[in-house]
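I opened a fresh page for this one. My plan was to start with exposure, move on to the ligand, and finish with some pairs of residues.

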Amino acid sequence: MKRIGILTSGGDCQGLNAAIRGVAKALYEHYGEEKLEIIGIQDGYKGLIHGQYKKLEKKDLSGILTMGGTILGTSRQPFKLMRVIDEADNVDKVAAMKENYKKMKLDCIAILGGNGTQKTANLLREEGLNVVSLPKTIDNDLWGTEMTFGFQSAVDIATNVIDCIHTTATSHGRVFIVELMGHKAGWLTLYAGIAGGADIILIPEIPYDLKSVIKTLKARTESGKNFSILAVAEGAISKEYASLPKKQRKQAMAQIPYPSISYKLAHEIEEATGQETRVTVPGHFQRGGSPCPYDRVLSSRLGTAAAQLIIEKKYGNMVAVKGNDIVAVPLEEVAGKIKTVPTDSPVIQSARELGICFGD
Ligand code: F6P
């Protein structure tokens, strides 16, 4: 009897259920229901630490391809705290995970997650557990894969937000800032910004100069355009802040008297241009709802590829996108790195050729 665990960890995103289904269905196809038990570990690493799980039967996979969120639940368990023993419950998390892996009699765990999740997956590998991981995040910032599942669905939603803002911005002749997620990477803002026809795109990888933003806005007004749209990443940073040493930068940014950088920017734009400026923050909307068809296919492909690695006992790898192929990348190479937007990316180059300003 084979016993394979599956867990989803970190922020949720579209395509998680499709990926769970991909892994589990392919394993059931290969081993048959009599020779396989799939164990759905609850709420990410939390469930592995506390031994919370339930059997995932074939019937549980029906109807989940199109479903957002994760049927297994998820939680954030910061990597940096994995080896820290909580005073409250006095649990050695790593020891508990190893113990429960043994108790559950697992042959391997398929782990679906983003950067922090991959680091813990690698830690479990180092501790001798068999793991295979899948790249999940709307941020698309996972090193080792050209694409993560969840990203394209989030781009769809963020683009739709910009499209809707366009009509109201035009009617009122306002400047609108649409603040998008992405953590420290600008992928989501870059793609949605281009797809939504934003006039200015600000991403963490290219620190912006307020003067350049104002110049672009004024030039638009002078050319007869009564509105402007800015797609701003939640991690966007001004040149002024970016030039500070890390510690000072953190302190300075913590003192910004606005909920986020977009509100500060809106205030500065209103002051400099006199134009009414509004901020829209779609927030967790970007992670919600049904996966787009691209993500359904990608999650299914990554899921079946992960199952194949498990069947072939090629543990310790993350399945990844390379061109049109799905490949295996060693977890030790993935863990601890992030994939940001290269500033010489042809996508940025193309956006610049369209006249989009990046604030530099
Ligand atoms: O990593 C996905 C993400 O949505 C980021 O884009 C964002 O910075 C973060 O998670 C938000 O985290 P939480 O859901 O914990 O607020």
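**Ground rules.** For burial I used relative accessible area: under 20% is buried, over 50% is exposed, and anything in between is partly exposed, with a 1.4 Å probe and protein chains only as cover. I kept in mind that this is a predicted model, where local features need pLDDT of at least 70, side-chain atom pairs count only at pLDDT 80 or more, and totals for chains, interfaces and linings use all residues. Residues are numbered from 1 along each chain as its sequence is written, and side-chain values use heavy atoms, with hydrogens and water left out.

**Entry 1: two asparagines.** I looked up Asn-90 and found a positive phi of about 50 degrees, although this residue is not a glycine. Asn-90 lies in the loop between strand 3 (53–55) and helix 3 (93–103). Helices here are DSSP runs of H or I with at least four residues, strands are runs of E with at least two, and both are numbered from the N terminus. Is Asn-90 buried or exposed? Asn-90 has a relative accessible area of 60%, so I wrote it down as exposed.

Asn-140 also went into the notebook, with a positive phi near 55 degrees in a residue other than glycine. Its place is the loop between strand 5 (131–135) and helix 5. I noted Asn-140 as buried because its relative accessible area is 3%.

**Entry 2: the ligand.** Which residues surround the ligand? I listed Arg-76, Ile-138, Asp-139, Met-181, Gly-182, His-183, Glu-234, His-284 and Arg-287. To be near the ligand, a residue needs a heavy atom within 4 Å of it. I sorted this shell into two nonpolar, three polar and four charged residues. In that sorting, Ala, Val, Leu, Ile, Met, Phe, Trp, Tyr, Cys and Pro are nonpolar, Asp, Glu, Lys and Arg are charged, and the others, Gly among them, are polar.

Next I checked distances to ligand oxygen atoms. A side-chain N or O atom of Glu-234 is 2.5 Å from one, and a side-chain N or O atom of Arg-76 is 2.8 Å from one. Gly-182 takes part through its backbone, with an N or O atom 3.0 Å from a ligand oxygen. On its own the ligand has 400 Å² of accessible area, and the protein covers 71% of that. These areas come from the Shrake-Rupley method with a 1.4 Å probe; for residues, only the protein chains shown count as cover.

**Entry 3: around Arg-220.** I found that the side chains of Asp-199 and Arg-220 are joined by a polar contact of 2.9 Å. A polar contact is a pair of N or O atoms within 3.5 Å; within protein, one must be able to donate a hydrogen and the other to accept it, and residues adjacent in sequence count only if both atoms are side-chain atoms. Another polar contact, of 2.7 Å, joins the side chains of Ser-228 and Arg-220.

Where is Asp-199? I found it in the loop between helix 6 (187–195) and strand 7 (200–202). With a relative accessible area of 13%, Asp-199 is buried. Ser-228 belongs to strand 8 (residues 228–233), and its relative accessibility of 1% makes it buried.

**Entry 4: pairs across the sequence.** Thr-137 is in the loop between strand 5 and helix 5 and is buried, at 8% relative accessible area. I looked up its C-alpha distance to Arg-287: 8.8 Å in space, with their positions 150 residues apart in sequence.

Ala-158 is part of helix 5 (residues 151–172) and is buried at 0% relative accessibility. From Ala-158 to Tyr-191 I noted 9.1 Å, C-alpha to C-alpha, for residues 33 apart in sequence.

Lys-322 sits in strand 10 (residues 317–322). I marked Lys-322 as exposed because its relative accessibility is 54%. Its partner for this check was Glu-146, 176 residues apart in sequence and 6.0 Å apart in space, C-alpha to C-alpha.

My last look-up was Ile-4, in strand 1 (residues 2–8). Ile-4 is buried, with a relative accessible area of 0%. The C-alpha atoms of Ile-4 and Val-334 are separated by 22 Å, and the two residues are 330 residues apart along the chain.
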